[in-house]
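The following report walks through selected features of one protein model, moving from strand pairing to individual residues and then to charged pairs.

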Amino acid sequence: MTASLRHDAETILLQLGVPAAQITGGNRAVRSPIDGSVIAHVHDTTADAAHQAIASAHTAFQAWRNVPAPRRGELIRLFGEELRAHKDGLGRLVSLEVGKITSEGLGEVQEMIDICDFAVGLSRQLYGLTIATERSEHRMMETWHPLGVTGIISAFNFPVAVWSWNAALALVCGNSIVWKPSEKTPLTALATHALLGRAIARFGAVPEGLASVLIGGREVGEALVDHEAVKLVSATGSTRMGREVAPRVAARFARAVLELGGNNAAIVCPTADLDLTLRGVAFAAMGTAGQRCTTLRRLFVHDSVYDQLVPRLRQAYGSVKIGNPLETGTLIGPLIDAAAFTAMQAALAECRSAGGTVTGGARMHEAAHPDAYYVQPALVEMPGQTGPVLRETFAPILYVIRYTDFETALALHNDVPQGLSSSIFTNDLREAEAFLSARGSDCGIANVNIGPSGAEIGGAFGGEKETGGGRESGSDAWKAYMRRATNTINYGRTLPLAQGVTFDVG
């Protein structure tokens, strides 16, 4: 499979417009999790080149901010057209580089297309308010202006979709963008950048340096975080990473949009539709091999339905096809690398020590692919919420806990450091409304009768507590990429002061 994967990746990259020199002869090997083989060698960006890219982005911003917003939206419309034309190729490249099944690879590109459509409409809706003023013959309003260079640090699990959430909004808001993709997934970044380059060529008159990609590890990310010209850093990754990024960005009074860890839970109530619940839980817990920030990791099941639902879950866990994500019928592909597998096994061992009962979790296809890490998804029945249940392990582990009282389950649901996504399965209106109320789920996303994963771009995406508090994608998330000015205009011939203050001179 090794040679065919490399050839497949090279063919797609060349078709999408990535020069051969960018993917050969470099110092950084890129491996496909499908079999662990090297499929390209890319070149790391030097520190000097990174600083030059940021400087060029600042110069580009000074020109781009003067382009009317609907005209900026035209660039994103053209980019969306490129994505539509090359959806199959880019989607397959996502599968090759991340290990996602084919439908999920294509779904990620569709998410990019969707945010482009959203951003094009947004380019004519960057509204400010007209505000009632207490002074006669005055008008008060707010206006929104481009912010500056936007730095985007993305994670491996959604290597292009999350970038697009930020890039599409930042560009229509009048900003330039500098992208530092995960060092594990540089090929999809180079391919996406090439497609954006095609859109730029069709658009014409785009300032040089408007969009750039920096390939590398921690030091490249630090260049974005610390550079004075970068006015917004949008960073997706671990809570540990966020703890380092946030104070460094704050120290220079720039902005941060942080999308960090998730330890997402669902509550299954006595009235839940168990057929619907089974499907919702299965995708949310096993999809993308448990490597979504919104993956379902904790499941609280009421005593009255526990013995009906959990055996069906065990059966579902034992029946899913695990293997090559490019093959028809596969539902679970590989973990990204050996480190992910090691972390999963350590968490399962800790669960057993804590009295948990583990179903699944074993490595698969090791003989055929010794350098790839396929695993059975693990269903872990735990006596309580302790140990690894309180942490996010980026792997397909679902912790199942019994409960008898709704208020107790809700308290356990919220009693973790993370606060990204959440769900309740119920047909009781009171339970559903309580879960969505101020005393209910403390997460940024709260759902009823669907799982916690699979968010649409129309809503703002992000979470609370150690998830970082950032919001991306839909709703009014665009405001993070702009600066607000409050304006007061006096069109009269007198000068009344606010609050009735008098200050007569002359």
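## Strand pairing

In the pairing of strand 1 with strand 2, V30 stands opposite A40 in strand 2. The model discussed here is a predicted one. Strand 1, which covers residues 28-31, and strand 2 run antiparallel to each other and are joined over four bridges. The hairpin made by strand 1 and strand 2 has six residues between the strands, and within this hairpin G36 adopts a positive phi near 80°. Strand 2 spans residues 38-42, and because four of its five residues are buried, strand 2 is largely enclosed by the rest of the structure.

A further set of strands forms an open sheet of three, in the order 3-4-23 and with antiparallel pairing. Its edges are strand 3 (130-131) and strand 23 (482-490), each of which pairs on one side only. Strand 4, residues 138-146, is paired with strand 23 in the antiparallel sense over nine bridges, and M140 is placed opposite T488 of strand 23. As background, strands of a sheet pair through backbone hydrogen bonds, in either a parallel or an antiparallel arrangement.

## Around the three-stranded sheet

The loop between strand 3 and strand 4 contains E137, whose phi is near 55°, a positive value in a residue other than glycine. With a relative accessibility of 40%, E137 counts as partly exposed, because that value falls between the 20% and 50% limits used for buried and exposed residues.

Q125 is located in the loop between helix 5 (102-122) and strand 3. Its relative accessible area of 38% makes Q125 partly exposed, and the side chain of Q125 reaches the backbone oxygen of G121 at 3.0 Å. Q125 and E259 are 134 residues apart along the chain, and their C-alpha atoms are separated by 25 Å.

The segment after strand 23 holds L495 and also Q499. L495 is exposed, with a relative accessible area of 67%, and L495 joins L497, V501, F503 and V505 in a nonpolar surface patch of about 550 Å². Q499 is likewise exposed, at a relative accessible area of 66%, and the phi of Q499 is near 60°, a positive value in a residue other than glycine.

## The surroundings of S154

Is S154 buried or exposed? Its relative accessibility is 4%, so S154 counts as buried. S154 lies in the loop between strand 5 (149-153) and helix 6 (161-172), and the side chain of S154 makes a polar contact of 2.8 Å with the side chain of W179. Leaving aside residues up to four places away in sequence, S154 touches P159, W179, K180, P181, S182 and T236.

One of these neighbours, K180, takes part in a salt bridge with E183, with the closest N and O atoms 3.0 Å apart. The two partners differ in their accessibility class: K180 is buried, at a relative accessible area of 6%, whereas E183 is partly exposed, at 35%.

## Salt bridges

Across the model, the count comes to 29 salt bridges. Three of the pairs are listed below with the separation of their closest N and O atoms.

| Salt bridge | Closest N and O atoms |
|---|---|
| E183 and K180 | 3.0 Å |
| R297 and E392 | 3.9 Å |
| E464 and R471 | 2.4 Å |

For R297 and E392, the closest N and O atoms are 3.9 Å apart. This pair links distant parts of the chain, with R297 in strand 11 (residues 296-302) and E392 in the loop between strand 15 (378-381) and strand 16 (397-403), 95 residues apart. R297 is buried, with a relative accessible area of 1%, while E392, at 26%, is partly exposed.

In the pair formed by E464 and R471, E464 is partly exposed with a relative accessible area of 32%, and R471 is also partly exposed, with a value of 23%.

Beyond such pairs, R218, E222, D226, R240, E244 and R248 are linked in a network of salt bridges.

Conventions. Residues are numbered from 1 along each chain as its sequence is written. This is a predicted model: local features need pLDDT of at least 70, side-chain atom pairs count only at pLDDT 80 or more; totals for chains, interfaces and linings use all residues. Side-chain values use heavy atoms; hydrogens and water are left out. Two strands pair if DSSP finds at least two bridges between them. Helices (H or I, at least four residues) and strands (E, at least two) are DSSP runs, numbered from the N terminus. Buried means under 20% relative accessible area, exposed over 50%, partly exposed in between (1.4 Å probe, protein chains only). A polar contact is a pair of N or O atoms within 3.5 Å; within protein, one must be able to donate a hydrogen and the other to accept it, and residues adjacent in sequence count only if both atoms are side-chain atoms. Contact means heavy atoms within 4.5 Å. Patches are made of residues with over 30% relative accessible area and no salt bridge: like charges are joined within 9 Å, nonpolar side chains (Val, Leu, Ile, Met, Phe, Trp, Tyr) within 5 Å. Accessible areas come from the Shrake-Rupley method with a 1.4 Å probe; for residues, only the protein chains shown count as cover. A salt bridge is a side-chain nitrogen of Lys or Arg within 4 Å of a carboxyl oxygen of Asp or Glu.
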